[in-house]
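Let's take a walk through this model, starting with the whole chain and then stopping at a few spots along the way.

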Amino acid sequence: MAQLWGGRFTKETDKEVYSFNASINFDKRLIDVDIMGSIAHVKMLCKQNIVSETEKESIINGLNSILSDVKEGKLLITEEYEDVHSFVEANLIDRIGDAGKKLHTGRSRNDQVALDMRLYSRDYVTKTKALLITLLSEINEVMKANIDTYMPGFTHLQKAQPITLAHHFGAYFEMFRRDVLRLDDIYERMNYCPLGAGALAGTTYPLDREFVAEQLSFYGPTLNSMDSVSDRDYLIEYLSALSIIMMHLSRFCEEIIIWNSNEYRFVEIDDTFSTGSSIMPQKKNPDIAELVRGKTGRVYGALTSLLTTMKGIPLAYNKDMQEDKEVSFDAFDTVNNCIHLFTGMIATMKFNNEIMEKSAMNGFTNATDAADYLVKKGMPFRDAHSVIGRLVLYCIENNKAIHELKILELKSICDMFDMDVYDAISLETCVEKRLTTGGPSRDAMSKEIEANDKFLNKYLD
């Protein structure tokens, strides 16, 4: 078919060149926002007396009919078109005649695709945020149900101090909360309309860019036409935020995979989020968690790809920038699917509370509290640290936990121990006396959960 730009050329484009240049196979998913932007554009053209009221209505009706037919499968977006913009315009002209040729007045494909990508990305930012809010709500429910569920906290994957499951999940609530705030921040910067920038230098037509921006729920028009068509910062920011989200999901998945192992048995992933082995009938594999962890690299790749593409491009638009779409679309879909499936896995997961508590009791997680006990009796902390080190060594040699030692065994290490040490090093005491903001005690966690509720209500109301 004849190209929109074919007038200057005397030869047909080589078929392989045409195929290499075309973007229709991936930018066809922009059909909704392309038509949305075109409707706003033609309304503005009519307002500015550039097209007539009759032409405007004809163009809008034609655009809506194209979208309807595509949705119903009556009209296929095929490879005979170079891109989604060519597809829409060619079909519009076929349907309404010469009036359709006026749609592109005062517009370039450069600002048109810039608009489409902003609209599409803006919509996905909203979708990603909604999925994160659902995940945060699920995490918060787990926290509410497990304020008194004791478990070991870890550093270096070694048991460190006793905490609660609510406290552990609260750490991930903070991560995903920051992700939501990052998306809010990105939305604020991306929500400006590039349409009207033309190819790079605006247009001589009396366009009302503020009107178009308002029609499309932007805060206003972009302020420099060259930047408008060559800016992909908003995509890079979004891909960066998606990469951080995936990093958080991957960390969480790594812990769930470890917790789900036979050696830990802290959790059991529901059958609906697990798979088996083709040869080993006993296996129940945490494949969803592993796939989320694995797909993190895929999203990182999208960010790196776009950063690399953009690093050497002079102003203004260059064809390199067409490479923004495939990697971005894939990252958008990948992250949203991962958040959705991860949330379902969390919602159906069973926690083995007794095993977690036993693990905390038998891992010397109360060693720091035993040292603090001696400090409160008057011993300098560094000396207390040394005493408890010797005590732990004694326990290891005798295959005992600290709380299992008799008082005479404790006194053989340090005569400052007394019967009140057993209460001081109990899991409940170790957790409940940590009252500082952000700690694992019931009081601190209740305040944290209350703050979580307030945060979520801002988005759920």
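## The chain as a whole

The chain is built from 19 helices and 4 strands; helices here are DSSP runs of H or I with at least four residues, strands are runs of E with at least two, and both are numbered from the N terminus. Before going on, keep in mind that this is a predicted model, where local features need pLDDT of at least 70, side-chain atom pairs count only at pLDDT 80 or more, and totals for chains, interfaces and linings use all residues. Residues are numbered from 1 along each chain as its sequence is written, and side-chain values use heavy atoms, with hydrogens and water left out.

As for overall shape, the C-alpha trace spans about 100 × 50 × 40 Å along its principal axes. The radius of gyration of the chain is 30 Å, while a compact globule of 461 residues would have one near 23 Å. That radius is taken over C-alpha atoms, and the globule rule is 2.2 Å times the number of residues to the power 0.38.

How much of the chain is buried? Of the 461 residues, 49% are, with buried meaning under 20% relative accessible area, exposed over 50%, and partly exposed in between (1.4 Å probe, protein chains only). About 22300 Å² of the chain is exposed, and carbon and sulfur atoms supply 52% of that area. Those areas come from the Shrake-Rupley method with a 1.4 Å probe, and for residues only the protein chains shown count as cover.

Contacts (heavy atoms within 4.5 Å) tell their own story: among those between residues at least 6 apart in sequence, 76% join residues at least 24 apart. On the charge side, there are 52 positive and 69 negative side chains, and the centres of the two sets lie 2 Å apart. Lys and Arg count as positive, Asp and Glu as negative, and His and the chain ends are not counted; each charge is placed at NZ of Lys, CZ of Arg, CG of Asp or CD of Glu.

## Around α3 to α6

Start with α5 (84–96), a helix of 13 residues that reaches 18 Å from its first C-alpha to its last, close to the 18 Å expected at 1.5 Å a residue. The expected span is 1.5 Å times one less than the number of residues. Its buried residues are Val84, His85, Ser86, Phe87, Val88, Glu89, Ala90, Asn91 and Leu92. What covers them includes α2 (24–27), α3 (31–47), α4 and α6.

Leu103 sits in the loop between α5 and α6 (109–145) and counts as buried at 1% relative accessibility. Leaving aside neighbours within four places in sequence, Leu103 is in contact with Ser38, His41, Val42, Leu45, Ile59, Leu63 and Leu92. With Ile59, the separation is 44 residues in sequence and 7.3 Å in space, C-alpha to C-alpha.

Lys56 belongs to α4 (residues 53–71). Lys56, too, is buried, at a relative accessible area of 14%, and touches Val42, Lys43 and Cys46, not counting residues up to four places away in sequence.

## α11 and the stretch after it

Helix α11 (residues 287–310) has 24 residues and runs 35 Å from first C-alpha to last, close to the 34 Å expected at 1.5 Å a residue. Buried along α11 are Ala289, Val292, Thr296, Val299, Ala302, Leu303, Leu306 and Met310. Their cover includes α9 (225–230), α10 (233–259) and α12 (324–348).

Where does Ala316 lie? It is in the loop between α11 and α12, and a cis peptide bond joins Leu315 and Ala316, with omega about 5°.

## Three asparagines in loops

Asn49 and Asn399 each have a positive phi although neither is a glycine. Here they are side by side:

| Residue | Phi | Loop | Relative accessible area |
|---|---|---|---|
| Asn49 | about 60° | between α3 and α4 | 71%, exposed |
| Asn399 | about 55° | between α15 (381–397) and α16 (407–413) | 72%, exposed |

Is Asn352 buried or exposed? Asn352 is buried, with a relative accessible area of 17%, and lies in the loop between β4 (350–351) and α13 (353–361). Leaving aside neighbours within four places in sequence, Asn352 is in contact with Arg265, Phe266, Val267 and Glu268. The C-alpha atoms of Asn352 and Tyr264 are 9.8 Å apart, with their positions 88 residues apart along the chain.
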